[in-house]
Amino acid sequence: MAKVKITQVKSAIDRSQKQKKTLEALGLRKINASVEHELNDNIKGMINKVSHLVEVVEQ
């Protein structure tokens, strides 16, 4: 499995509750916070839901 580095680049203020929960589930709480995850179907789906708020780099 490939690893991805996910960085939050925009605020979750004024976003839907689902998007806020998705960011929290990814482990992101603040702007410029980064986390690394194994890329699987669950993570891909979460990234797609909040793609406008995050930046993804494959490693």
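In what order do the three strands of the open sheet lie, and with which pairing? The legends below take up this topic and then turn to the helices and two loops.

This is a predicted model, in which local features need pLDDT of at least 70 and side-chain atom pairs count only at pLDDT 80 or more, while totals for chains, interfaces and linings use all residues. Residues are numbered from 1 along each chain as its sequence is written, and side-chain values use heavy atoms, with hydrogens and water left out.

**View 1. The open sheet of three strands.** The strands have the order β2-β1-β3, with antiparallel pairing; strands here are DSSP runs of E with at least two residues, helices are runs of H or I with at least four residues, and both are numbered from the N terminus. Two strands are said to pair if DSSP finds at least two bridges between them. The edge strands are β2 and β3 (54–58), each of which pairs on one side only, and the twist averages 25 degrees from one strand to the next. In general, strands of a sheet pair through backbone hydrogen bonds, either parallel or antiparallel.

**View 2. The partners of strand β1.** Strand β1 (residues 3–8) pairs with β2 in the antiparallel sense over five bridges. Within this pairing K3 stands opposite E38 of β2, and V4 has H37 of β2 as its bridge partner. Five bridges also join β1 to β3, and these two strands run antiparallel; here T7 stands opposite E55 in β3.

**View 3. The surroundings of E36 in strand β2.** E36 lies in β2, which covers residues 34–38, and E36 counts as partly exposed because its relative accessibility is 44% (buried means under 20% relative accessible area, exposed over 50%, and partly exposed in between, with a 1.4 Å probe and protein chains only). Leaving aside residues up to four places away in sequence, E36 touches K3, V4, K5 and Q59, where contact means heavy atoms within 4.5 Å. The C-alpha atoms of E36 and Q59 are separated by 9.3 Å, although these residues are 23 residues apart along the chain.

**View 4. The packing of helix α1 with helix α2.** Helix α1 (residues 17–26) and helix α2 (residues 41–49) pack at an angle of about 135 degrees, with their axes 10 Å apart. That angle makes α1 oblique to α2 (angles under 35 degrees count as roughly parallel, over 145 as roughly antiparallel, 65 to 115 as roughly perpendicular and the rest as oblique). Axes are lines fitted to C-alpha atoms, for helices over the stretch in contact, and angles run from 0 to 180 degrees between N-to-C directions. The contact is made by Q19, T22, A25 and L26 of α1 together with I43, M46 and K49 of α2.

**View 5. Two loop residues with positive phi, D14 and N32.** Most residues other than glycine have a negative phi. D14, which is not a glycine, has a positive phi of about 65 degrees and is placed in the loop between β1 and α1, where D14 is exposed, with a relative accessible area of 77%. N32, in the loop between α1 and β2, has a positive phi near 70 degrees and counts as exposed at 61% relative accessibility.
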